[in-house]
Amino acid sequence: MSAGKAKASPDQDFGWLHRDVYRLFQRAWDRHLQASGTGITVPQSRVLAELRQRDGLTQTEIADLVMMEKAPLGRVIDRMEEVGLVIRRADPADRRVRRVYLTDAIDRLYDPLWGAAFAMFDVALEGFTPEEYAALLAMLRRIKENLEAAEQ
C-alpha cells in the first residue's frame, strides 16, 4: 500500500449488502428468464454461460465454475441434453472423461436470453450515470482481482 493511501475498513454492511444484492439478482434473473419464454432455468443459464465462454468443459470443471455439486449438476445437464441444448462426448485424450458441448439449438435462445439479461441489468442500473457505471465495473473488477489473488 502506498504512503498516504488509507485502506478501506469494511463493516458488517459490506457482507450483508453483497449477500442481499446477489440474492436479489438471482430472483430477478429467475423472473426475467421465466418471462423470456425460453424454458431455461437459472442453473441451466449458468451452465450455458460457462459453455459459451469455454465450450467442451468437463462436468467437474462446470461444477466448480457454477458452484454446484456434481450430482445435481449432472441432472441439470441431463435435462439440457434431453432437450438438445448440449451433448456429452468422450474426451479424445481420455475416454473416461466426458466433455459437455453446446449444440446449435442454443442459437435460437441467444437473443431472448440476452434480452432477459439486459432487461434485468436495466432495472438494476436505473439512475446510474455512465461514469457511475464505469466506476462500479472498475470496483467490481478490483474486488474480483483481490479475491483471485488471495486464492493463489
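These are my notebook entries on a predicted model, covering a helix, a core, an arginine and a loop residue.

**Ground rules.** I number residues from 1 along each chain as its sequence is written, and side-chain values use heavy atoms, with hydrogens and water left out. Since the model is predicted, local features need pLDDT of at least 70 and side-chain atom pairs count only at pLDDT 80 or more, while totals for chains, interfaces and linings use all residues.

**Entry 1, helix α1.** I started with α1; helices here are DSSP runs of H or I with at least four residues, strands are runs of E with at least two, and both are numbered from the N terminus. α1 has 25 residues and spans 36 Å from first C-alpha to last. That is close to the expected 36 Å, taken as 1.5 Å times one less than the number of residues. At its N-terminal end I found D11 as the cap, with a side-chain oxygen 3.0 Å from the backbone nitrogen of D13. After α1 comes G37, with a positive phi near 75 degrees. I then looked up burial (buried is under 20% relative accessible area, exposed over 50%, partly exposed in between, with a 1.4 Å probe and protein chains only). A28, W29, H32 and L33 of α1 are buried, and α2 and α5 are among what covers the buried residues of this helix.

**Entry 2, the core.** Next I went to the largest nonpolar core, meaning a set of buried Ala, Val, Leu, Ile, Met, Phe, Trp, Tyr and Cys residues joined through side-chain atoms within 4.5 Å. It holds 27 residues, and L51, I62, L73 and V86 have the most contacts inside it. Elements that each supply at least two residues include α1, α4 and β3. The largest share, five residues, comes from α5. I also checked L51: setting aside neighbours within four places in sequence, it is in contact (heavy atoms within 4.5 Å) with G56, L57, I62, V86, V100 and L102.

**Entry 3, R88.** Is R88 buried or exposed? R88, in strand β2 (residues 86-90), is buried, with a relative accessible area of 14%. I listed polar contacts too (N or O atoms within 3.5 Å, one able to donate a hydrogen and the other to accept it; residues adjacent in sequence count only if both atoms are side-chain atoms). The side chains of R88 and E81 make one of 2.9 Å, and a polar side-chain atom of R88 lies 3.3 Å from the backbone oxygen of G74.

**Entry 4, M67.** My last stop was M67, in the loop between α3 and α4. M67 is exposed at 69% relative accessible area, and its phi is positive, about 55 degrees, although it is not a glycine.
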